[in-house]
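Please take a moment with the sequence and the model before reading on. The paragraphs below are meant to be read with both in view.

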Amino acid sequence: SLLKKALQEDPSSGGEALNLMGYYAGEMGDREREEKFYREAIMTGDGTAPLFNLALLLHRQGKEDEALDALAMAIERNPEGPSFGLRAKIHKACKQEEKMAQDLREVEVHSGELKAMSDWELGWRADAAVLANDEAAAQAAREEQQRRCRRRTEVAPQQGVLPVMES
């Protein structure tokens, strides 16, 4: 298969490829294969993305204990804001308000400056701010998202466009 060939050329890319396959399986609604690919990615790599994605999938399926286990492994590998934000959402779903509040504090500790965040991190930071009822932080995150959106949609000079021919 194409994946096997890619892994032969670069074995370190296996976890990332499997994680993406899980993501795309999920986009197509195949939750069984989504979970399978995330679990395989976890076994082949040391990154946190498949652990986070598995936790998110399990949370959406109402498997909160399993989701928390996956997040514990992700946080152990790399404590980052989005993992704490997802864990806060899970603790809220389990009505564990004190644990949720602690996770929201950890989001603050493990999140950098808004401008330096990836779009993914910024989205999770905005969610955490809403969950914490921190309107100022939520507004700042929304403003940064809007700034990025405006920057992306600014009209760049068109290059390589053929002129319109008038008859």
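What follows goes from the overall fold to the largest pocket, and then to the surface, the loops and the salt bridges.

The model shown here is predicted, and its chain folds into nine helices and zero strands. Followed along the sequence, the protein therefore reads as the pattern α-α-α-α-α-α-α-α-α, since helices and strands are the elements numbered from the N terminus. Of the 167 residues of the protein, 35% count as buried. One example from the interior is Ala70, which lies in helix α5, made of residues 64–77, and which is buried because its relative accessible area is 3%, where buried means under 20%. Ala70 can also be placed relative to Pro50, for the two residues are 20 apart in sequence, while their C-alpha atoms are 9.1 Å apart in space.

The largest pocket holds about 380 Å³ of space. Its lining is made up of 17 residues, and those that lie nearest the centre of the pocket are Tyr23, Tyr38, Asn53, Leu56 and Arg60. The elements that give two or more residues to this lining are α2 (14–27), α3 (31–44), α4 (49–60) and α8 (119–131). Which of these elements gives the most to the lining of the largest pocket? That element is α4, with six residues. In character the lining of the largest pocket is mixed, since its residues divide into nine nonpolar, four polar and four charged.

From the pocket one can turn to the surface, where Leu20, Tyr23, Tyr24 and Met28 make a nonpolar patch of about 460 Å². Tyr23 thus has a part in both descriptions, as a member of this patch and as one of the residues that lie nearest the centre of the largest pocket. Another member of the patch, Tyr24, is found in helix α2, and Tyr24 is partly exposed, with a relative accessible area of 49%. Because a residue of a patch must have over 30% relative accessible area, the value of 49% for Tyr24 satisfies that part of the requirement.

Two loop residues deserve a separate look for their backbone angles. Most residues other than glycine have a negative phi. Lys95, however, has a phi near 60°, a positive value in a residue other than glycine, and the place of Lys95 is in the loop between α6 (81–93) and α7 (97–109). Asn133 likewise has a positive phi, of about 55°, although it is not a glycine, and Asn133 lies in the loop between α8 and α9 (135–153). Are these residues buried or exposed? Lys95 is exposed, with a relative accessible area of 71%, and Asn133 is exposed as well, with a value of 72%.

The charged side chains bring in a further set of contacts, for the structure holds 13 salt bridges. Within helix α3, Glu34 forms a salt bridge with Arg31, and the closest N and O atoms of this pair are 3.1 Å apart. Because Glu34 and Arg31 are three residues apart in helix α3, about one helical turn separates them. Glu34 counts as buried at 8% relative accessibility, whereas Arg31 counts as partly exposed at 40%. Helix α3 also holds Arg39 and Glu35, which lie four residues apart, about one turn of the helix, and their side chains meet in a salt bridge with an N to O distance of 2.9 Å. In this pair Arg39 counts as partly exposed at 36% relative accessibility, while Glu35 counts as buried at 17%.

A further salt bridge joins two helices. Arg87 forms this bridge with Asp103, the closest N and O atoms being 2.7 Å apart. The pair links distant parts of the chain, with Arg87 in helix α6 and Asp103 in helix α7, 16 residues apart. Why does Asp103 count as buried? Asp103 is buried because its relative accessible area is 1%, where the limit for buried is under 20%, and Arg87, with a relative accessible area of 21%, is partly exposed. Finally, salt bridges also form a network, in which Asp119, Glu144, Arg147, Arg148 and Arg152 are linked.

Note on methods: Residues numbered from 1 in each chain as written. Predicted model: local features only at pLDDT ≥ 70, side-chain atom pairs only at ≥ 80, totals over all residues. Heavy atoms only, no water. 1 Å grid on protein atoms, 1.4 Å probe; cavity = no way out; pocket = protein on both sides within 12 Å on 5 of 7 lines; lining within 4 Å. Points joined across faces, edges and corners; volume = space filled by probe spheres on them. Patch = residues over 30% accessible without salt bridge, like charges linked within 9 Å, V, L, I, M, F, W, Y side chains within 5 Å. Areas by Shrake-Rupley, 256 points an atom, 1.4 Å probe, with all protein chains shown as cover. Salt bridge = Lys/Arg side-chain N within 4 Å of Asp/Glu carboxyl O. Buried < 20%, exposed > 50% of the residue type's maximum accessible area, 1.4 Å probe, protein only.
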